[in-house]
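Subject: Structure handover

Hello,

Here is the structure I promised. Please open it next to this email and follow along.

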Amino acid sequence: MRSAEQILRESATIAVVGASRDPRKTAHAVPLSIQRRGWRIIPVNPFADQIFGVRAYRSLADIPEPVDFVNVFRPSADATQVVKDAIALGAPAVWLQQDIVSPEGRALAEAAGVDYVEDTCIAVVRAVHAISGPRTP
(Lines give C-alpha, C1' and ligand atoms only; values in the text may rest on other atoms or scores of the structure.)
Protein backbone atom coordinates (compact mmCIF):
# COMPACT_ATOMS: atom_id res chain seq x y z
CA MET A 1 0.00 0.00 0.00
CA ARG A 2 1.34 3.41 -0.99
CA SER A 3 1.83 6.15 1.58
CA ALA A 4 -0.04 9.45 1.40
CA GLU A 5 3.11 11.11 0.09
CA GLN A 6 3.53 8.49 -2.66
CA ILE A 7 -0.11 8.78 -3.72
CA LEU A 8 0.11 12.56 -4.04
CA ARG A 9 3.49 12.49 -5.82
CA GLU A 10 2.25 9.88 -8.31
CA SER A 11 -1.05 11.61 -9.10
CA ALA A 12 -2.19 14.27 -11.52
CA THR A 13 -6.01 13.98 -11.53
CA ILE A 14 -8.01 14.04 -8.30
CA ALA A 15 -11.78 13.60 -7.96
CA VAL A 16 -12.96 15.59 -4.93
CA VAL A 17 -16.20 14.27 -3.43
CA GLY A 18 -17.90 16.97 -1.39
CA ALA A 19 -16.09 19.85 -3.07
CA SER A 20 -17.77 23.05 -1.91
CA ARG A 21 -18.71 26.22 -3.80
CA ASP A 22 -18.32 28.18 -0.55
CA PRO A 23 -14.82 29.73 -0.41
CA ARG A 24 -15.03 29.89 3.40
CA LYS A 25 -15.13 26.08 3.68
CA THR A 26 -12.14 23.78 3.84
CA ALA A 27 -13.77 21.65 1.11
CA HIS A 28 -13.25 24.63 -1.19
CA ALA A 29 -9.96 26.12 0.00
CA VAL A 30 -7.94 22.89 0.11
CA PRO A 31 -8.82 21.54 -3.35
CA LEU A 32 -8.44 25.02 -4.84
CA SER A 33 -4.93 25.30 -3.38
CA ILE A 34 -4.04 21.90 -4.84
CA GLN A 35 -5.50 22.92 -8.22
CA ARG A 36 -3.45 26.13 -8.19
CA ARG A 37 -0.31 24.04 -7.79
CA GLY A 38 -1.07 22.13 -10.97
CA TRP A 39 -3.16 19.10 -10.05
CA ARG A 40 -6.31 18.58 -12.08
CA ILE A 41 -9.31 18.68 -9.75
CA ILE A 42 -12.62 17.10 -10.76
CA PRO A 43 -15.25 18.34 -8.30
CA VAL A 44 -18.07 16.02 -7.27
CA ASN A 45 -21.09 17.81 -5.83
CA PRO A 46 -24.72 16.98 -6.68
CA PHE A 47 -25.75 20.62 -6.25
CA ALA A 48 -23.18 22.37 -8.45
CA ASP A 49 -22.56 22.59 -12.18
CA GLN A 50 -19.15 24.19 -11.79
CA ILE A 51 -16.58 24.63 -9.00
CA PHE A 52 -13.00 25.94 -9.25
CA GLY A 53 -13.79 27.04 -12.80
CA VAL A 54 -14.33 23.47 -14.02
CA ARG A 55 -17.29 21.20 -14.56
CA ALA A 56 -18.63 19.51 -11.43
CA TYR A 57 -20.16 16.04 -11.58
CA ARG A 58 -23.16 14.87 -9.59
CA SER A 59 -21.50 11.58 -8.56
CA LEU A 60 -18.28 9.63 -9.05
CA ALA A 61 -20.13 7.35 -11.47
CA ASP A 62 -20.69 10.35 -13.76
CA ILE A 63 -16.97 11.03 -14.26
CA PRO A 64 -16.15 9.84 -17.81
CA GLU A 65 -12.40 9.37 -17.33
CA PRO A 66 -9.89 7.73 -15.00
CA VAL A 67 -8.77 9.52 -11.85
CA ASP A 68 -5.60 8.93 -9.83
CA PHE A 69 -7.43 9.08 -6.52
CA VAL A 70 -10.67 10.10 -4.88
CA ASN A 71 -10.35 12.75 -2.16
CA VAL A 72 -13.26 12.82 0.29
CA PHE A 73 -14.72 15.88 2.03
CA ARG A 74 -17.85 14.20 3.41
CA PRO A 75 -18.78 13.18 6.96
CA SER A 76 -17.38 9.89 8.22
CA ALA A 77 -20.90 8.41 8.08
CA ASP A 78 -20.87 8.89 4.28
CA ALA A 79 -17.34 7.62 3.70
CA THR A 80 -18.14 3.92 3.29
CA GLN A 81 -20.46 4.62 0.37
CA VAL A 82 -17.91 6.92 -1.23
CA VAL A 83 -15.28 4.16 -0.94
CA LYS A 84 -17.70 1.73 -2.62
CA ASP A 85 -18.29 4.27 -5.41
CA ALA A 86 -14.54 4.86 -5.80
CA ILE A 87 -13.92 1.13 -6.12
CA ALA A 88 -16.69 0.89 -8.73
CA LEU A 89 -15.06 3.78 -10.63
CA GLY A 90 -11.75 1.92 -10.65
CA ALA A 91 -9.88 4.55 -8.63
CA PRO A 92 -6.53 3.19 -7.44
CA ALA A 93 -6.65 5.18 -4.18
CA VAL A 94 -9.10 6.79 -1.76
CA TRP A 95 -8.09 9.62 0.56
CA LEU A 96 -10.34 10.77 3.42
CA GLN A 97 -9.53 14.28 4.61
CA GLN A 98 -8.62 15.27 8.15
CA ASP A 99 -11.12 14.13 10.82
CA ILE A 100 -12.82 11.68 8.41
CA VAL A 101 -12.46 7.98 9.24
CA SER A 102 -14.21 4.80 8.15
CA PRO A 103 -13.09 1.38 9.43
CA GLU A 104 -15.56 -0.26 7.01
CA GLY A 105 -14.29 1.89 4.14
CA ARG A 106 -10.71 0.92 4.98
CA ALA A 107 -11.61 -2.78 4.99
CA LEU A 108 -13.39 -2.47 1.64
CA ALA A 109 -10.49 -0.58 0.06
CA GLU A 110 -7.89 -3.02 1.36
CA ALA A 111 -9.94 -6.01 0.15
CA ALA A 112 -10.16 -4.40 -3.30
CA GLY A 113 -6.43 -3.60 -3.42
CA VAL A 114 -7.10 0.14 -3.32
CA ASP A 115 -4.64 2.42 -1.51
CA TYR A 116 -6.33 4.10 1.44
CA VAL A 117 -5.57 7.19 3.53
CA GLU A 118 -7.82 8.65 6.21
CA ASP A 119 -7.81 11.53 8.67
CA THR A 120 -5.09 13.30 6.64
CA CYS A 121 -5.16 16.60 4.75
CA ILE A 122 -3.73 16.60 1.22
CA ALA A 123 -2.56 20.21 1.62
CA VAL A 124 -0.60 19.32 4.75
CA VAL A 125 1.03 16.31 3.05
CA ARG A 126 1.90 18.50 0.06
CA ALA A 127 3.49 21.14 2.31
CA VAL A 128 5.31 18.79 4.72
CA HIS A 129 6.89 16.83 1.87
CA ALA A 130 7.50 19.93 -0.30
CA ILE A 131 5.64 18.45 -3.27
CA SER A 132 5.61 21.26 -5.79
CA GLY A 133 3.12 19.84 -8.26
CA PRO A 134 1.75 16.74 -9.93
CA ARG A 135 3.67 14.07 -11.73
CA THR A 136 4.15 14.64 -15.42
CA PRO A 137 3.20 11.98 -17.95
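Contact here means heavy atoms within 4.5 Å. Keep that cut-off in mind for helix α3 and for Gln-98. Note also that this is a predicted model.

**Helix α3**

Start with α3, residues 76–89. Its length holds up. With 14 residues at 1.5 Å each, counted as one less than the number of residues, α3 should span 20 Å, and its end C-alpha atoms are indeed 20 Å apart, so the two agree.

Which residues of α3 are buried? They are Ala-79, Thr-80, Val-82, Val-83 and Ala-86. An α-helix has 3.6 residues a turn, so residues three or four places apart point the same way. The cover over the buried residues of α3 includes strands β1 (13–17), β5 (69–72), β6 (93–96) and β7 (115–117), along with helix α4 (103–112). After α3 comes Gly-90, with a positive phi near 90°.

**The largest pocket**

α3 also matters for the largest pocket: with four residues, α3 gives the most to its lining. The volume of this pocket is about 320 Å³. Its lining has 20 residues. Nearest the centre lie Val-17, Gly-18, Val-44, Pro-46 and Arg-74. By type, the lining splits into 10 nonpolar, five polar and five charged residues.

**The aromatic pair**

There is one aromatic pair in the structure. The partners are Phe-69 and Trp-95, with ring centres 5.4 Å apart. Their planes meet at 25°, and under 30 degrees counts as stacked, so this pair is stacked. It joins distant parts of the chain: Phe-69 sits in strand β5 and Trp-95 in strand β6, 26 residues apart. Are the two rings' residues buried or exposed? Phe-69 has 0% relative accessibility, so it is buried. Trp-95 is buried as well, with a relative accessible area of 0%. Both β5 and β6 appear in the cover of α3.

**Gln-98**

Next, the loop between β6 and α4, where Gln-98 lies. Gln-98 counts as partly exposed because its relative accessibility is 46%, and that class runs between 20% and 50%. What does Gln-98 touch beyond its neighbours within four places in sequence? Its contacts there are Asp-119, Thr-120 and Cys-121. Glu-118 is 20 residues from Gln-98 in sequence, yet their C-alpha atoms are 6.9 Å apart.

Best wishes

Notes. Residues are numbered from 1 along each chain as its sequence is written. This is a predicted model: local features need pLDDT of at least 70, side-chain atom pairs count only at pLDDT 80 or more; totals for chains, interfaces and linings use all residues. Side-chain values use heavy atoms; hydrogens and water are left out. On a 1 Å grid over the protein atoms alone, a cavity is a set of points where a 1.4 Å probe fits but cannot get out, and a pocket is an open set with protein on both sides within 12 Å along at least five of seven lines; lining residues have an atom within 4 Å of a point. Grid points are joined across faces, edges and corners, and a volume is the space filled by probe spheres set on the points. Helices (H or I, at least four residues) and strands (E, at least two) are DSSP runs, numbered from the N terminus. Ala, Val, Leu, Ile, Met, Phe, Trp, Tyr, Cys and Pro count as nonpolar, Asp, Glu, Lys and Arg as charged, and the others, Gly among them, as polar. Buried means under 20% relative accessible area, exposed over 50%, partly exposed in between (1.4 Å probe, protein chains only). Rings of Phe, Tyr and Trp (its six-membered ring) pair if their centres lie within 6.5 Å; planes under 30 degrees apart count as stacked, over 60 as edge-to-face and the rest as tilted.
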